[in-house]
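Visitor: Hello! I am new here; could you show me around?
Guide: Gladly. Have a look at this first, and then ask away.

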Amino acid sequence: MNENSKSERARPEPRRGVGEISAYVSGDDRSNAARVFKLSSNETPLGPSPMAVEAFRANAERLHVYPEGSARSLREALAAAYGLNPDRIVCGNGSDELLTLIAQTYLSPGDEAIFSEHGFLIYRIAILAAGATPVVAPETAEVADVDAILALVTPRTRVIYLANPNNPTGTYLTYEAVKRLHASLPGNVLLVLDAAYAEYVRRNDYSSGIELAAEADNVVMTRTFSKVFGLANLRIGWAYGPAALIDALNRTRGPFNVNGAALAAAAAALSDRAHLERAVEHNSVWRDWLTKEVAKLGLRVTPSIGNFLLVHFSEEKGRGAAEADAFLRQRGLVLRRVAGYGFPNALRMTVGTEEANRAFVDALKEFLGG
Ligand SMILES: Cc1ncc(COP(=O)(O)O)c(C=O)c1O
């Protein structure tokens, strides 16, 4: 073999596991309708607080200046808002970055990490990208199952990811169940509580896990400004956990992983409690309305405590999720296909404006009646 043919054949190869990753497909708004409602990415229909927009604009004067690498101002604002120690918070470029960074920091090839059957897709990607092995725990009635997760814990298990509430089901584990899960884990297994939708939840038996992350050495909670705070475009999230974990993430993260506009807008969004309350109230009212209206049309809806609904379609030809998606899209209602989450015949709909929600129910009636 001469040198030329050798160099033709040799090429850089990504680490093991990368080839198994299905790249994340984000929600889109493709439709030829004159008026399009994007209900595919769990964004808030109310948009961000005007105070956050103002803070973002003010940052335009500082584009040449590096952002605050430690995100101190936002960490202090978060600490004040939630009663936390700012030194135990790390901010990320969306909570996605933190979920991925946790995998990069805590998983090695040969390690296992567990998530539940219909759990958020980023977990699988993060685990495979770290060269580790994803382990999927079955759910019971579309809810994460503590015993099923525990049954899969082995000496190789390093991390467990739990979205609470989960996307795309909208279901949740009570705080009691989360504590039971934690209490049965070996101390060297990290429990990641992804509470991206926590602000929307109005249940007495729910907790984002903030107390557990405060007390335990092996629990981290992640949060985001993308959902109820309406800053998805800026990419800003945060994690709260034990000092040793925060220290480790601060070593592995990029030095300026969060931009200054995001830091300023997030702090401003956090201070606008009235906007937050309006968004939560709007969501509760319309999520409940949508759940009832869709059920009246004879479709099953997974009971959701988030800002979205999982709607299950009929197996009958012409009445399935793919046909419904095409029909709704033509009318400017763009929902999310969720086959990748193990729901080939369901669509996930984000709670929208009153106009979008009513248009959705009207269009669904037409689809089912046609
Ligand atoms: C359960 C869950 N976790 C995390 C995220 C990531 O949000 P972000 O990276 O925008 O903070 C999402 C977004 O869809 C989500 O549904």
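Visitor: Let us begin with two helices: which handedness does the crossing of H4 and H5 have?
Guide: A good place to start, bearing in mind that this is a predicted model. H4 and H5 pack with their axes 8 Å apart, at an angle of about 35°. Their crossing is right-handed.

Visitor: How do the residues of that contact of H4 with H5 divide into nonpolar, polar and charged?
Guide: From H4 come Asp-96, Leu-99, Thr-100, Ala-103 and Gln-104, and they meet Ile-122, Tyr-123, Ala-126, Ile-127 and Ala-129 in H5. The residues of this contact divide into 7 nonpolar, 2 polar and 1 charged.

Visitor: What do the buried residues of H5 pack against?
Guide: Helix H5 covers residues 122-129, and its buried residues are Ile-122, Tyr-123, Ala-126, Ile-127 and Leu-128. They pack against helix H4 (94-106) and against strands S3 (112-116), S4 (133-137), S5 (157-163) and S6 (190-194).

Visitor: And is Pro-109 buried or exposed?
Guide: You will find Pro-109 in the loop between H4 and S3. It touches Arg-15, Ala-130 and Gly-131, leaving aside residues up to four places away in sequence. The cut-off for exposed is over 50% relative accessible area. Because its relative accessibility is 53%, Pro-109 counts as exposed.

Visitor: Gly-131 came up there; what is the sign of its phi?
Guide: Gly-131 follows H5 in the chain. Its phi is near 85°, and so the sign is positive.

Visitor: Now the sheet, please: which are its edge strands?
Guide: The sheet is open and has 7 strands, in the order S2-S8-S7-S6-S5-S3-S4, with mixed pairing. Neighbouring strands are turned by 20° against each other on average, direction ignored. The strands that pair on one side only are the edge strands, S2 (89-92) and S4.

Visitor: Which residue stands opposite Val-219 in S7?
Guide: S6 and S7 pair in the parallel sense, over 4 bridges. The residue standing opposite Val-219 is Leu-191.

Visitor: How many residues of strand S7 are buried?
Guide: In a regular strand the side chains alternate between the two faces of the sheet. Here Val-219, Met-221 and Arg-223 point one way from S7, while Val-220, Thr-222 and Thr-224 point the other way, and all are buried. S7 (residues 219-224) is largely enclosed by the rest of the structure, because the buried count is 6 of the 6 residues.

Visitor: Which strands does helix H9 lie across?
Guide: Two helices are worth a look here. Helix H3 (residues 72-82) lies across S2, S7 and strand S8 (237-240), running at about 125° to S2. Helix H9 (residues 243-252) runs at about 35° to S2, and the strands H9 lies across are S2, S6, S7 and S8.

Visitor: Which helix gives the largest share of the largest nonpolar core?
Guide: That core has 61 residues, and those with the most contacts inside it are Cys-91, Phe-225, Leu-231, Ile-236 and Trp-238. Trp-238 touches Leu-78, Tyr-82 and Met-221, among others beyond four places away in sequence. The largest share of the core is 7 residues, and it comes from helix H10 (residues 260-271).

Visitor: How many residues does the second, separate core have?
Guide: Leu-98, Leu-107, Ala-126 and Ile-127 are included in that core. Ala-126 and Ile-127 are also among the buried residues of H5. The second core has 31 residues.

Key:
Residues are numbered from 1 along each chain as its sequence is written. This is a predicted model: local features need pLDDT of at least 70, side-chain atom pairs count only at pLDDT 80 or more; totals for chains, interfaces and linings use all residues. Side-chain values use heavy atoms; hydrogens and water are left out. A nonpolar core is a set of buried Ala, Val, Leu, Ile, Met, Phe, Trp, Tyr and Cys residues joined through side-chain atoms within 4.5 Å. Buried means under 20% relative accessible area, exposed over 50%, partly exposed in between (1.4 Å probe, protein chains only). Contact means heavy atoms within 4.5 Å. Axes are lines fitted to C-alpha atoms, for helices over the stretch in contact, and angles run from 0 to 180 degrees between N-to-C directions. A crossing is left-handed if the near helix is turned anticlockwise from the far one by less than a right angle, and right-handed if clockwise. Ala, Val, Leu, Ile, Met, Phe, Trp, Tyr, Cys and Pro count as nonpolar, Asp, Glu, Lys and Arg as charged, and the others, Gly among them, as polar. Two strands pair if DSSP finds at least two bridges between them.
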